[in-house]
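Reader: I am in my first year and still learning to read structures with care. Could you take me slowly through a single part of this one, and then show me what else is worth looking at?

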Amino acid sequence: MYILGLSSYSHESSAALIKDGEIRALVEEERLNREKHTSKFPKAAIAECLRIEGIGFQDIAAVTFFWVPLRELAGNLPHILRYFPASLNLLNAPSGGEDLKALKRLNLMGNVGRAIQAEFQLARPPEVKFIEHHLSHAASAFFVSEFEEAAIITWDGRGEDVSTLLAVGRGNKIEKLKEIKVPHSLGHLYAAVTDYLGFKPFFDEWKVMGMSAYGNDSLANAFDDLVEILPGGEYRLNLKYFQFHTHGQSRWVSDAFRKKFGPSRAVNAEYEQRHFDTALALQKIVEKTGLHVAKAMHAATKLPNLCMTGGVALNCLMNKEILQKTPFSEFFIQPIASDAGTSLGSALYHYHQVLDRPRKFVFNSAYWGPEFTNEEIETVLKAKNVRYHKSEDIARETARHIAEGKIVGWFQGRMEAGPRALGNRSITVNPCDPTMKERLNARVKKREFFRPFAPSVLAEKAAEYFEIPKDQLSPYMILIGDVLAEKRNVIPAVTHADHTARVHTVSKDVNPKYWRLISEFDKLTGVPVLLNTSFNENEPIVCTPLHAVECFLRTEFDVLAIGDFLVVKDSNP
Ligand SMILES: [Fe+2]
């Protein structure tokens, strides 16, 4: 039984296809339409899911959607009335991606069946099952976890009217314990300060997290005034510092915030120490609140297992605190934690919770996107007129280039879903070279100096380099480890200012080809670690061979390892 799940008109539109509860494909629309974080209808992603599985729309038993528009309308009425008349501004403010106003967005969401009919030329619109947003998040984690029972926390900017869901999963059912409603939202708190610091909310939270490592503690106490910690895992924002609850995405912080913390940083303005201190203070209050919620969930459920997802669960520094300081012993953080994962979650929710089908599938990899054969790749190489050769052993030959200090694009197998490149669409370089971070930024990535690059490490050797709380593996680059003191000089290009690293542990059974690349590098250098960053240049991660070759030709890569082919820049002037 096939179920097609969709997320659209918010952020990170995506399509997911499950068969009898197992993931068959999950594709983010941005990877195909090349518009970062796109909220457009995921036409290409749906088509790609069907193509991957070799089926047509007639084979789909049910279509699910990650949002209940009617719940948003009903759930927000009390909010509108409470902050009336200022709340009328919400009607005119952008409220999803692409600057969609709320009513227009809700109309599109409610009519998604018609959009499917039109885009795929169906005789009639399919019946769409609308699933609550946070239940979609929760289902995307718990139902594919290895746990029979678990506490579940989902947190993001907002769903229909909820920012944080506390729930318990047992077998094939999820039961809500508590909902924290908007405007009290850790995701929106982070977005507001991201905006204050001159970055784009819902895009650049990574930058703020990276900045925090350069901050001093000067503002931490003052930030305590922003969030009120309440019993039972609840929290409230001090709304005098914000405006998004009355003005949506058009105004984030208030004059009171600027009066207390200074003027907002203009886009592209110089960085001052207070900006880094602000990022650190934000990070600390989010960690403190997150820890409070997680501890309360343990106290309420007494369960040993915790599932987390939602955009806030991408905050790996907060995750580290929760791993370290709560009594939970087992964790599953579903890595497609943004709304891209709610297409999957809505489908899983329908299958298990609504149709009452049993669970059997366990999420053990994020490689759910398209894959290309050597023949398809070679066709593109020929069409782009590049000189290449077919390698006898692509891992060994590529590792040699990396060891020699080359910047290498590594394009193999099925594309990974989620925000991180996990070794199938990655740029990999030598982490031992202290100048590598600057070179990579100058030549390809063009990132701010304060953003760290992450290491991929052979899973079986991870403990020789990193200390990850409770000895967790981190196959999705979603946990932070401390780089062991004696290794900081060995892998300087992936050691952040605070001596942490967002670790990617690579297991042979999950990604044998990438595992071999790192192993071959280890044989040459004695270091089982590569610097791994996403294969792109200020664009969505490359998806197809054409994207990869064009990115390679346009930027200053040295080598492209694509399928079994090697393209060397020197021979392609
Ligand atoms: Fe969400």
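Author: Along the chain, the donors of the iron ion follow the spacing H-x3-H-x18-D-x182-D, and since you are looking at a predicted model, please read everything below as a description of that model. The protein atoms that act as donors are NE2 of H133, NE2 of H137, an OD atom of D156 and an OD atom of D339, and they lie 2.1 to 2.3 Å from the iron ion. The angles among these four donor atoms range from 90 to 166 degrees, and the site is classed as irregular. It helps to compare this with a general reference, in which four tetrahedral donors have ideal angles of 109.5 degrees.

Two of the donors show how distant parts of the chain are linked here, for H137 sits in helix α7 (residues 133–142), whereas D339 sits in the loop between β12 (330–333) and α15, and the two are 202 residues apart. H137 has a relative accessibility of 0%, so it counts as buried. D339 has a relative accessibility of 8%, and therefore it too counts as buried, the cut-off being under 20%.

From the loop that holds D339 we can move on to helix α15 itself, which spans residues 342–354 and lies across β1, β2 (14–19), β3, β4 and β5, running at about 140 degrees to β1. Those strands form an open sheet of five, in the order β3-β2-β1-β4-β5 and with mixed pairing. At the edges stand β3 (22–28) and β5 (128–130), and because each has a single partner strand, one side of each is left without a neighbour in the sheet. From one strand to the next, the twist averages 20 degrees. Within this sheet, strand β1 (residues 2–7) and strand β4 (residues 60–65) run parallel and are joined by five bridges, and you can find Y2 standing opposite I60 in β4. In general, strands of a sheet pair through backbone hydrogen bonds, whether parallel or antiparallel.

A last place to examine is K207, which belongs to helix α9 (residues 205–211). With a relative accessible area of 15%, K207 falls under the cut-off of 20% and so is buried. The side chain of K207 is joined to that of E448 by a polar contact of 3.0 Å. If you set aside the neighbours within four places in sequence, the residues in contact with K207 are F199, E448, F450 and R451.

Notes: Residues numbered from 1 in each chain as written. Predicted model: local features only at pLDDT ≥ 70, side-chain atom pairs only at ≥ 80, totals over all residues. Heavy atoms only, no water. Helix = DSSP H or I, 4+ residues; strand = E, 2+ residues; numbered from the N terminus. Buried < 20%, exposed > 50% of the residue type's maximum accessible area, 1.4 Å probe, protein only. Polar contact = N/O pair within 3.5 Å; in protein donor to acceptor, adjacent residues only side chain to side chain. Contact = heavy atoms within 4.5 Å. Pairing = 2+ DSSP bridges. Axes fitted to C-alpha atoms, helices over the stretch in contact; angles between N-to-C directions. Donors = N, O, S within 2.8 Å, 3.2 Å for Na, K, Ca; no water. Tetrahedral: all angles 85-135°; square planar, octahedral: opposite > 155°, others 65-115°.
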